[in-house]
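Subject: The structure you asked about

Hi,

Here is the structure for you to look through. Have it open while you read, and my notes follow below.

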Amino acid sequence: MTFEQILFYVFAAVLVFSAGMVISVRNPIHAILFLVLAFFTSAALWLMLEAEFLAITLVLVYVGAVMVLFLFVVMMLDLNTASMREGFARYLPVGITVAVMVAAVMVLAVGRQHFGLEHVSSPVAHGADYSNTRELGLLLYTTYVYPFEIAAVILLVAIVAAIALTLRQRGSAKSQNVAAQVAVRRDDRVRLVQMDAEQRK
C-alpha cells in the first residue's frame with residue numbers, strides 16, 4: 001500500500017466519522033464543528049485528485065463563510081434541542097428506510113463498475129499549463145448547463161422556503177402595520193383642545 005493510499009483511507013475515515021457525528025450529536029454547535037471537519041477532509045481528498053480549485057473553494061466559501069454564518073445563527077437563536085428531539089425515536093425507522101433507499105438508488109445510478117478496489121486508478125497527470133478551473137467551467141456551462149440552472153432554481157426555492165418556515169410572529173416583538181398607518185385619519189391621532197388665553201399681570 002502506497003503512502004497516497006494511506007492518506008486517502010485516513011481522510012476518508014475522518015470524513016465518514018465526522019459526517020456521522022453531524023447527524024448524531026445532541027449539541028448543534030458540535031454538529032457544525034464536525035461539519036467543518038468534514039469539509040476540510042473533503043478538500044484534502046479533492047487535493048489528492050488534483051482538483052485544487054474545488055478544494056480551495058470548499059474551504060473559503062463553505063468553511064470560511066457559510067459555516068461561520070451557521071455558527072453565529074445557531075448561537076444567537078438559542079435553540080431548544082430537547083423539544084426538537086422529542087420525536088427522534090418515533091421517526092427513526094422512517095429515516096433509516098429513506099437512507100437505505102437513497103443509497104440503493106445511488107448505487108443503481110452510478111453502477112457497480114465504479115465500485116471496488118480493482119477500478120481505482122491514479123488521476124491522469126497533466127502538464128504545468130493545465131487549468132482544471134478552465135476545464136470545470138467548460139463542462140459546467142456547456143455539457144451540464146441545464147442541471148446547473150436547475151440546481152440554482154432549487155436552491156432559490158430552498159432559501160424562500162427556509163425564510164417562510166422560520167418567519168414566526170412573537171407576541172413580545174413589535175411589528176409595523178403599514179396598512180393601518182396609511183388608513184389613519186387626523187381625528188384618530190390629533191385632539192384639539194380649546195384653552196383660554198392667559199393675561200399677564
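One term before anything else: a residue is called buried when its relative accessible area is under 20%, exposed when it is over 50%, and partly exposed in between. Please also keep in mind that this is a predicted model.

First, the overall picture. The protein chain has nine helices and zero strands, so along the sequence you simply read α-α-α-α-α-α-α-α-α. Of its 201 residues, 11% count as buried. The chain exposes about 17,400 Å², with carbon and sulfur atoms supplying 67% of that area. Looking at contacts between residues at least 6 apart in sequence, 60% join residues at least 24 apart.

Now to helix α2, which is a good place to start. This helix covers residues 28-48. With 21 residues, α2 reaches 30 Å from its first C-alpha to its last, close to the 30 Å expected at 1.5 Å a residue. Its buried residues are Ala-31, Ile-32, Val-36, Ala-38, Phe-39, Thr-41, Ser-42, Ala-43, Ala-44, Leu-45 and Met-48. What do they pack against? The partners are α1 (3-24) and α3.

Thr-41 is worth a click. This α2 residue counts as buried because its relative accessibility is 5%, which is under the 20% cut-off. If you leave aside neighbours within four places in sequence, Thr-41 is in contact with Phe-11, Val-14 and Leu-15.

Next, the largest nonpolar core. Nine residues make it up: Ile-32, Val-36, Phe-39, Ala-43, Ala-55, Leu-58, Val-63, Met-67 and Val-74. Two elements, α2 and α3, give two or more residues to this core, and α3 has the largest share with five. In general, nonpolar side chains in soluble globular proteins tend to be buried together. To see the core from one of its members, pick Met-67: apart from neighbours within four places in sequence, Met-67 is in contact with Ile-32, Leu-35, Val-36, Phe-39 and Tyr-62.

There is nonpolar material on the outside too. A surface patch of about 780 Å² is made by Trp-46, Leu-49, Phe-53, Leu-54, Ile-56, Leu-60, Val-61, Tyr-62 and Leu-136. Which helix gives the largest share of the patch? That is α3 (residues 52-77), with six residues. Leu-136, another member of the patch, is found in helix α6 (residues 132-143). Leu-136 counts as partly exposed because its relative accessibility is 30%, a value between the 20% and 50% cut-offs.

Last, the charged pairs. How many salt bridges does the structure hold? There are two. In one, Arg-134 pairs with Glu-135, and the closest N and O atoms are 3.8 Å apart. Arg-134 is exposed, at a relative accessible area of 55%, whereas Glu-135 is partly exposed, at 30%. The other joins Arg-186 to Asp-187, with the closest N and O atoms 3.7 Å apart. Here Arg-186 is exposed with a relative accessible area of 58%, and Asp-187 is exposed as well, at 59%.

If you want a route through the model, try Thr-41 and its contacts, then Met-67 in the core, then the nonpolar patch with Leu-136, and finish at the two salt bridges.

Cheers

Key:
Residues are numbered from 1 along each chain as its sequence is written. This is a predicted model: local features need pLDDT of at least 70, side-chain atom pairs count only at pLDDT 80 or more; totals for chains, interfaces and linings use all residues. Side-chain values use heavy atoms; hydrogens and water are left out. Patches are made of residues with over 30% relative accessible area and no salt bridge: like charges are joined within 9 Å, nonpolar side chains (Val, Leu, Ile, Met, Phe, Trp, Tyr) within 5 Å. Accessible areas come from the Shrake-Rupley method with a 1.4 Å probe; for residues, only the protein chains shown count as cover. A salt bridge is a side-chain nitrogen of Lys or Arg within 4 Å of a carboxyl oxygen of Asp or Glu. Helices (H or I, at least four residues) and strands (E, at least two) are DSSP runs, numbered from the N terminus. Buried means under 20% relative accessible area, exposed over 50%, partly exposed in between (1.4 Å probe, protein chains only). Contact means heavy atoms within 4.5 Å. A nonpolar core is a set of buried Ala, Val, Leu, Ile, Met, Phe, Trp, Tyr and Cys residues joined through side-chain atoms within 4.5 Å. The expected span of a helix is 1.5 Å times one less than its number of residues.
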